[in-house]
Amino acid sequence: MMNLHGLRWLFQVSALIVVVEMNACAMVGALPFSGDSWKEEVLLHDGSKLVITRSQTYGGRHEIGQPPPIKEHTVTFTMPNTNKTITWTSEYGKELGRTNFHLLAVHVLNGTPYLVTEPNLCLSYNKWGRPNPPYVFFKYDGAAWQRIPLEEFPVEFKSINVALSIIGRKGADLVRQGVVSSEKIKEVNRHTVNPDHKTILREPVKLGTEGSAVNCLEMVFHNGVWVGGSGDSISK
């Protein structure tokens with residue numbers, strides 16, 4: 001029969017195991033809400049460079065065994081020759097299960113910043129009106145970001161100038177570098193096959209173009225579900 005000293009020892013060990021298990025569960029539960037942050041040196045149309053800070057959190061719908069997608073993505077930078085800091089956030093879309101946009105470019109003209117983004121996968125592409133070329137443009141009006149049509153986006157801007165692969169191993173490489181140079185951004189982007197990722201297109205992309213969002217099935221969000229042209233509900 002175990003004596004009092006043995007019972008006390010067993011109780012202490014059991015309590016320690018419970019604490020360890022609780023901490024482990026808390027850590028696992030926190031993983032989808034972890035995030036990353038890094039800086040990029042973006043090359044502007046006039047040859048000057050702008051350092052931006054990009055940060056993102058993770059969470060949302062994903063397959064079992066797969067890592068969570070980007071939940072929110074934020075870009076922050078200080079306007080050249082000023083002390084004004086500007087922030088843009090691609091927020092979480094509840095109906096998408098992830099963030100709304102991927103960032104493609106940051107540009108500045110006459111003291112006004114502009115952004116080029118693309119909808120994040122097919123559900124977002126339908127949510128944002130199936131634009132073709134498949135971009136969503138933003139302009140900062142001095143107080144807030146406003147969506148603008150292609151016609152209002154300055155013709156001077158032609159380059160995709162931010163890192164495109166920002167999740168998984170490639171995203172971890174960006175974080176480790178601290179500040180990613182504009183030369184490194186060109187290097188990591190050179191393998192893209194999407195024509196709308198190589199340069200900022202101003203003409204519609206043809207249906208069937210490899211990797212382009214224009215190939216997405218047309219869908220609408222109705223009564224809490226995505227519905228395709230056939231009337232079938234679509235969850236992804």
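This is a tour of one predicted model, going from the whole chain to a strand residue and then to its aromatic rings.

**The whole chain**

Begin with everything displayed as a cartoon, where five helices and 14 strands can be picked out. If you then colour by accessibility, the buried residues make up 37% of the 236 residues in the chain, while the accessible surface comes to about 13700 Å², with 58% of that area belonging to carbon and sulfur atoms. A contact map is a useful companion view at this stage: among contacts with a separation of 6 or more, residues 24 or more positions apart account for 52%.

**Thr117 and its surroundings**

Next, select strand β8, which spans residues 112-119, and within that strand pick Thr117. Is Thr117 buried or exposed? Its relative accessible area is 0%, and because buried means under 20%, Thr117 counts as buried. To see what surrounds Thr117, show the side chains of the residues in contact with it beyond its neighbours within four places in sequence: these are Trp88, then Phe101, His102, Leu103 and Leu104, and finally Pro134, Tyr135, Val136 and Phe138.

**From Tyr135 into the aromatic rings**

Keep Tyr135 selected, since this contact of Thr117 also belongs to an aromatic cluster made up of Tyr114, Tyr135, Phe137, Phe153 and Phe157. Across the whole structure, a search finds 11 aromatic pairs. One of them joins Tyr135 and Phe137, whose ring centres lie 5.7 Å apart and whose planes meet at 65°, so the pair is edge-to-face. Both partners are withdrawn from the surface by the accessibility criterion, for Tyr135 is buried at a relative accessible area of 3%, and Phe137 is likewise buried at 3%.

For another aromatic pair, move the selection to Phe221 and Trp226, where the arrangement is tilted, with 5.1 Å from centre to centre and 50° between the planes. How accessible is Phe221? At 41% relative accessibility, Phe221 counts as partly exposed, whereas Trp226 is buried, with a relative accessible area of 4%; a surface display coloured by residue is a convenient way to inspect the two partners.

**A lysine over a ring**

Finish by selecting Lys71 together with Tyr92, and orient the view so that you look across the tyrosine ring: Lys71 lies over the face of Tyr92, at 5.5 Å from the ring centre.

Key
Residues are numbered from 1 along each chain as its sequence is written. This is a predicted model: local features need pLDDT of at least 70, side-chain atom pairs count only at pLDDT 80 or more; totals for chains, interfaces and linings use all residues. Side-chain values use heavy atoms; hydrogens and water are left out. Helices (H or I, at least four residues) and strands (E, at least two) are DSSP runs, numbered from the N terminus. Buried means under 20% relative accessible area, exposed over 50%, partly exposed in between (1.4 Å probe, protein chains only). Contact means heavy atoms within 4.5 Å. Accessible areas come from the Shrake-Rupley method with a 1.4 Å probe; for residues, only the protein chains shown count as cover. Rings of Phe, Tyr and Trp (its six-membered ring) pair if their centres lie within 6.5 Å; planes under 30 degrees apart count as stacked, over 60 as edge-to-face and the rest as tilted. A charge sits over a ring if NZ of Lys or CZ of Arg is within 6 Å of the ring centre and within 35 degrees of the ring normal.
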